[in-house]
Amino acid sequence: MAARLLNQVQISFPSSSVNEGFARAAVAAFLAQADPTVADLSDLRTAVSEAVTNAVVHGYGDRIGVVYITVKLFEGGRAVVRVRDKGCGIADVEQAMEPLFTTGGEERAGLGFAVMQSFCDGVRVSSRPGRGTTVTLSKNFSQKKADD
């Protein structure tokens, strides 16, 4: 049986790099209601940063578009964050997810998806060239001990 949805939020904002911090903070503020550990919340904040940065840098490049985020919180402490853009899309998702692969030039390390995978319990990427990309991050928050 699927876990019951407890709450959700949707936000959208221009794909300007200055909004990456806003996205990270907004997602963390919403998820605080689940009382996650500091480590779990930090992990998800980092993964959201990477997903938003990918949308800004790779999805839209030199033009401004819109980044859409949906955050869902489920019974049992499971969070699902969907970061979506309507940018250029990814022709080969499997290749794009390989560590060190980048289309962003020499200043990019090509580790965004690897970072997301290391901090989340699940990362799913769907994309259509010319239509955009959706990155879905899932994280099961640890249960705090009584003395935390």
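These entries record what I looked up in a predicted model.

**Entry 1. The sheet**

I began with the strand order. Five strands make an open sheet, arranged 1-2-3-5-4, and the pairing is antiparallel. The edges are held by strand 1 (5-14) and strand 4 (122-128). Each of these has a single partner strand, so one side of each lacks a neighbour in the sheet. From one strand to the next, the twist averages 10 degrees.

**Entry 2. Pairing along the sheet**

I then went through individual pairs of strands. Strand 1 and strand 2 run antiparallel and are joined by 9 bridges. I noted that Pro-14 stands opposite Val-66 of strand 2.

Strand 2 and strand 3 are also antiparallel, with 8 bridges. Here Val-67 is placed opposite Asp-85 in strand 3. These two strands form a hairpin that has 3 residues between them. In its turn I found Gly-76 with a positive phi of about 90 degrees.

For strand 4 and strand 5 I recorded 7 bridges and an antiparallel course. Arg-128 has Gly-132 of strand 5 as its bridge partner, and Arg-124 has Thr-136 of strand 5. The hairpin of strand 4 and strand 5 has 3 residues between the strands, and Gly-130 takes a positive phi near 80 degrees there.

**Entry 3. Thr-134**

I looked up one residue of strand 5 separately. Thr-134 belongs to strand 5, which spans residues 132-140. Is Thr-134 buried or exposed? Its relative accessible area is 15%, so I entered Thr-134 as buried, the cut-off being under 20%.

I next asked which residues are in contact with Thr-134, leaving aside neighbours within four places in sequence. The contacts are Arg-82, Val-83, Arg-84, Arg-124, Val-125 and Ser-126.

**Entry 4. Helices on the sheet**

Helix 2 (residues 38-60) lies across strand 1, strand 2 (66-74), strand 3 (78-85) and strand 5. Relative to strand 5, helix 2 runs at about 175 degrees. Helix 4 (residues 112-119) also packs on the sheet, where it touches strand 4 and strand 5. The direction of helix 4 makes about 25 degrees with that of strand 5.

Which residues of helix 4 are buried? I listed Gly-112, Phe-113 and Met-116. They lie on the same side of helix 4, because the arc they cover around the axis is only 95 degrees. In an α-helix there are 3.6 residues a turn, so residues three or four places apart point the same way. The cover over the buried residues of helix 4 includes helix 2, helix 3 (93-96), strand 4 and strand 5.

**Entry 5. Val-38**

Val-38 is placed in helix 2. I found its relative accessibility to be 72%; Val-38 therefore counts as exposed. I also looked up its separation from Phe-141, which is 103 residues away along the chain. The C-alpha atoms of Val-38 and Phe-141 are 10.0 Å apart.

**Entry 6. Asp-35**

Most residues other than glycine have a negative phi. I therefore noted Asp-35, which is not a glycine but has a positive phi of about 55 degrees. Asp-35 is located in the loop that links helix 1 (19-31) and helix 2. With 47% relative accessibility, Asp-35 counts as partly exposed.

**Entry 7. Aromatic rings**

How many aromatic pairs are there? I counted 1 aromatic pair. The pair consists of Phe-13 and Phe-22, in an edge-to-face arrangement. Their centres are 5.7 Å apart, with 85 degrees between the planes. I assigned the edge-to-face class because the angle is over 60 degrees.

The two partners fall into separate accessibility classes. Phe-13 is buried, at 5% relative accessibility, whereas Phe-22 is partly exposed, at 42%.

**Entry 8. Charges over rings**

Finally, I looked up arginine side chains positioned over rings. Arg-78 has its charged end over the ring of Phe-74, at 5.7 Å from the ring centre. Arg-84 lies over the face of Tyr-68, and the figure I entered is 4.4 Å from the ring centre. I had already recorded Arg-84 among the contacts of Thr-134.

Notes: Residues numbered from 1 in each chain as written. Predicted model: local features only at pLDDT ≥ 70, side-chain atom pairs only at ≥ 80, totals over all residues. Heavy atoms only, no water. Helix = DSSP H or I, 4+ residues; strand = E, 2+ residues; numbered from the N terminus. Buried < 20%, exposed > 50% of the residue type's maximum accessible area, 1.4 Å probe, protein only. Contact = heavy atoms within 4.5 Å. Pairing = 2+ DSSP bridges. Axes fitted to C-alpha atoms, helices over the stretch in contact; angles between N-to-C directions. Phe/Tyr/Trp six-rings, centres within 6.5 Å; stacked < 30°, edge-to-face > 60°. Lys NZ or Arg CZ within 6 Å of the ring centre and 35° of its normal. Arc of directions from axis to C-beta.
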